[in-house]
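Here are my notes after going through this one. Have the model open while you read, since the points hop around the chain.

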Amino acid sequence: MEPRWHSQPYPPEGASAAEGIRNQLGRPELDLLTILVRESAQNSWDARVMPTSTPVDYRIDMWTVGAARAQTWRNLLLNGAPAASEQFPLRETLRPGPIRVLAVSDRGTRGLGGPTRADDAVGSQRDFVSFIRNMGEPRDTALGGGTYGFGKGIFYLLSKPGTILVHSRCRTVEGGYETRLIGCTLWKSYVAAGAQGERRYTGRHWWGDLSDDVVEPLVGPAAEAVAQQLGLKPFEPQETGTTIVVVDPNLDELAPAAAADYLADTIAWHLWPKMISTDGKPATMHFSVTCDGVEHRVPDPRETRPLSLFVAAYEMMSGPDGRDLECSRPKRHLGRLGLVKRIMPPLEPTHASRMLDIENLVHHVCLMRPAELVVTYRPGPKPPSENQCYAGVFRADESMDEIYAKAEPPTHDAWNPQSLDRPESTFVQTTFRRIGESLEDLLSLGGVARPGASHVALGAASSRFSGLVGGAWGIGGSTSYSKPGSTAVPVARQGREREQIKQPTASGAAPSGDPDTARHTFAGESAETGTANRRPRVQYVGEPYYDDLGDDSVLVQEFRLPVPGPQQVRIDLAVTLSGTGGRETDPPVGASMPLLLGWEDGDGLLHTDEVCQINGGEAVWRALVRPAADTMTEIGVRAEAVRNR
C-alpha cells in the first residue's frame with residue numbers, strides 16, 4: 001500500500017480554514033524554537049505512561065536526509081500531492097537538493113492511541129484524533145500542562161512548507177501494540193478546479209491510507225515498512241511513544257549546529273524542574289539533542305549558573321522553609337514560594353536567557369503550575385548591588401490549577417489576570433502582590449538595602465570602585481599583598497611578568513615616588529631584595545572570582561608558591577567599608593568579617609587549618625573565603641618558611 005495525499009474540501013456545513021488554525025497561537029513574544037520546546041515537552045509530559053517510575057525520554061534530532069534516501073522521500077511524499085506549489089509548498093521543498101528535517105520524539109509515553117476518526121466515540125483515549133484531526137479540545141489529563149491543545153500548531157508553524165510526519169506506537173484496546181504513520185500539511189485555503197468545476201479547500205492535507213472515504217494512518221507492518229524507507233527510528237517491540245518529524249524547519253537563520261546548542265540551552269531554561277532529582281526520587285524526564293548524529297549536551301541545571309539558584313529556590317519552596325502564600329478575601333491558599341539570595345558576579349547572557357529578558361543579573365521568580373513546567377520568569381526589583389542577585393520559585397497549589405491555567409495564553413508563557421473574571425482575577429493579582437511583599441522582605445534582610453535607599457550594598461568585590469578588584473588595595477590578582485601606603489612589587493601572573501602596578505591609596509590614586517628605587521615590602525619575605533628570589537613568596541594567579549562551596553557562595557583567590565620547599569601559608573583578611581574607604585580588620589559589634597573556609601589543593605581536597613603547610617612548586621592552590629556583606633573584601637596570602645625545631 002502506497003500512501004497518498006488527500007486535500008480537505010470545505011463541507012457544506014463549513015470547517016476551519018488552515019489560516020485560522022495557524023493563527024491560534026496568536027503573536028507570542030517567544031521565538032518558534034522556544035515555543036517548540038515548551039509545547040512539545042508539555043505534550044510529552046501529559047502523555048506519560050502512568051503509573052511508572054521510568055522517566056519520560058524526550059529528544060530533538062536534526063539531520064539532513066542522506067542522498068540514498070532523498071529520492072525515496074520525494075517519491076513517497078509527493079504521491080497524490082496538489083500540483084500547484086503555492087497551494088502545497090512541500091513540492092518546492094522536495095526539489096533536488098538537501099532535505100533538512102527536525103524530529104521531536106518521546107518514549108515512556110502512551111503514543112497516539114484511540115480511534116483514528118473524529119466521529120468515533122469508542123473508548124476514552126482520543127489522543128490520535130486530538131492531535132491529528134481536531135483543534136481546541138479541552139485537556140483530558142488532570143493537572144496537565146496543556147489546556148486546549150493549540151500548542152500543537154507550533155509544529156506546522158516551524159515547518160516552512162507546513163508539513164509534518166507523525167510516527168507513533170500505542171496500545172490497542174485488545175492489549176496489543178500498534179504502529180501508526182500519517183503525514184499532515186497545514187497551509188492556506190484555496191480554490192481549485194475539479195471534475196465538477198471549481199471547489200474551495202480548507203488548506204488542510206493528510207497523507208496516508210486512502211482506501212476508505214477518510215485518510216487513515218498507515219498501521220502495523222505497512223507503517224513500519226514506510227518508516228524504515230524514510231529512515232525513521234523504529235520502536236522496540238514493547239515500546240510506546242511518538243516521533244513528530246518537521247520537514248524543512250525554520251531555524252531562525254541559525255546554522256544547524258548553533259540551533260542545536262540553542263535548543264539544548266532552551267530545554268535547560270524552560271524544563272529544568274523535570275531534570276532535577278528531589279527527595280531521593282530521580283528526574284522525571286530525560287532530555288537530549290543531536291544534530292547530524294552529534295550530541296549537543298543539555299546543561300545540568302544544578303551545575304549551571306544561574307539555573308542553580310532556581311534549583312535552590314525550588315528546594316526551599318518544597319521544603320520546610322518554603323512560604324505559603326494566601327489570599328484573604330476570598331480566602332484561598334494560592335501556593336508555595338521559595339526565595340534564595342546569593343553573591344554572584346555578573347552573568348554572561350546566552351541566546352536562551354536573553355529570550356527571557358535575563359541579562360547580566362538574576363532578580364526573577366519562576367512561576368509554575370503543579371505540572372512543574374516553567375510558565376515564565378517574573379522580574380522583581382533589582383538588588384542595589386550588581387554583585388547580589390536572587391531567584392525564586394512559586395508553584396501554584398493543586399486546588400488552584402484550573403484558575404492559573406485559564407489565565408494563560410495559548411503558549412502558556414504568562415498569567416494574565418485581566419483575562420479572568422472576579423474572584424479568579426483577584427487570586428492571580430494577589431499572587432503577584434504576595435510575591436512582591438516577600439521580595440521586599442528578602443531585600444531588607446542581611447544588610448541589603450531596599451530599592452531607593454541611599455546607600456549601596458556591596459556584598460563582596462565590587463565593580464563600582466575603579467582600581468579595587470577582589471578587594472581594596474589591589475590584593476589578590478591585581479598586585480602582591482601590601483599594606484596601604486607601601487609600594488607593591490611586580491608579580492608574575494601565570495608565568496609572565498606583569499608591568500609595574502603602584503599601590504592605590506584609599507581614593508584610588510597611586511602614591512608618588514619612583515618604584516625602581518622604592519623599598520619593597522613583600523609579605524613573609526625579606527626586605528633585602530637580593531634574597532627575595534630565595535625566600536618564600538606568593539604568586540597570585542588571575543583575579544579573585546566567585547564559586548560555590550556547598551550552599552556557600554565564596555570568593556576564591558588562586559595562587560602558587562614558586563620557591564621550592566616546604567612553606568606554610570596563612571590568610572590576611574580585611575574589609576573596606578562602603579563610601580568611606582576605611583580598612584577594618586576587627587569588626588564592629590554585631591558586624592561580620594570575611595572568613596577563611598579553607599585551602600583547596602589541585603586535587604580538590606579542602607584543608608581547613610588556619611595555617612596550611614604546602615610544598616612550593618607549580619601547583620595552583622585556592623584560598624576560599626566567605627565575604628562579609630556590605631563590604632569590599634581584601635584577600636592577602638602570606639607565605640613563610642617552615643622552621644625546623
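**Notes on salt bridges, sheets and core**

1. Let me start with Glu618 and Arg560, whose side chains meet in a salt bridge at 3.7 Å, N to O. Bear in mind throughout that this is a predicted model. The pair links distant parts of the chain, 58 residues apart: Glu618 sits in the loop between strand 25 (612-616) and strand 26 (621-626), and Arg560 belongs to strand 20. Glu618 counts as exposed at 60% relative accessibility, whereas Arg560 is buried at 10%.

2. Strand 26 turns up again in the bridge between Glu600 and Arg622, where the closest N and O atoms are 2.9 Å apart. Glu600 is in strand 23 (residues 595-600) and Arg622 in strand 26, so this bridge ties together parts 22 residues apart in sequence. Glu600 is buried at 16% relative accessibility, and Arg622 is buried at 14%.

3. Now look at the sheet these strands belong to. It is an open one of five strands, ordered 19-20-26-23-24, with antiparallel pairing. Strand 19 (539-549) and strand 24 (606-607) are the edges, each pairing on one side only. Eight bridges join strand 19 to strand 20 (residues 552-560), and if you want a register check, Tyr546 has Leu555 in strand 20 as its bridge partner.

4. There is another open five-stranded sheet, in the order 12-13-16-14-15, and here the pairing is mixed. Its edges are strand 12 (323-327) and strand 15 (374-379). The twist averages 25° from one strand to the next. Strands 12 and 13 (residues 332-343) run antiparallel over five bridges, with Glu326 opposite His333.

5. On to the core. The largest nonpolar core has 76 residues, and among those touching the most other members are Phe155, Ile164, Trp272 and Tyr377. Helix 8 (residues 256-271) gives the largest share, nine residues. Setting aside neighbours within four places in sequence, Phe155 has contacts including Leu36, Val104, Phe131, Ile164 and Val246.

6. Back to charges: how many salt bridges are there by this rule? The count is 21. One of them joins Arg100 and Asp292 at 3.3 Å, N to O. Arg100 lies in strand 3 (residues 100-107) and Asp292 in the loop between strand 10 (285-291) and strand 11 (294-295), so the pair ties together parts 192 residues apart in sequence. Arg100 is buried at 18% relative accessible area, and Asp292 is partly exposed at 45%.

Key: Residues are numbered from 1 along each chain as its sequence is written. This is a predicted model: local features need pLDDT of at least 70, side-chain atom pairs count only at pLDDT 80 or more; totals for chains, interfaces and linings use all residues. Side-chain values use heavy atoms; hydrogens and water are left out. Two strands pair if DSSP finds at least two bridges between them. Helices (H or I, at least four residues) and strands (E, at least two) are DSSP runs, numbered from the N terminus. Axes are lines fitted to C-alpha atoms, for helices over the stretch in contact, and angles run from 0 to 180 degrees between N-to-C directions. A nonpolar core is a set of buried Ala, Val, Leu, Ile, Met, Phe, Trp, Tyr and Cys residues joined through side-chain atoms within 4.5 Å. Buried means under 20% relative accessible area, exposed over 50%, partly exposed in between (1.4 Å probe, protein chains only). Contact means heavy atoms within 4.5 Å. A salt bridge is a side-chain nitrogen of Lys or Arg within 4 Å of a carboxyl oxygen of Asp or Glu.
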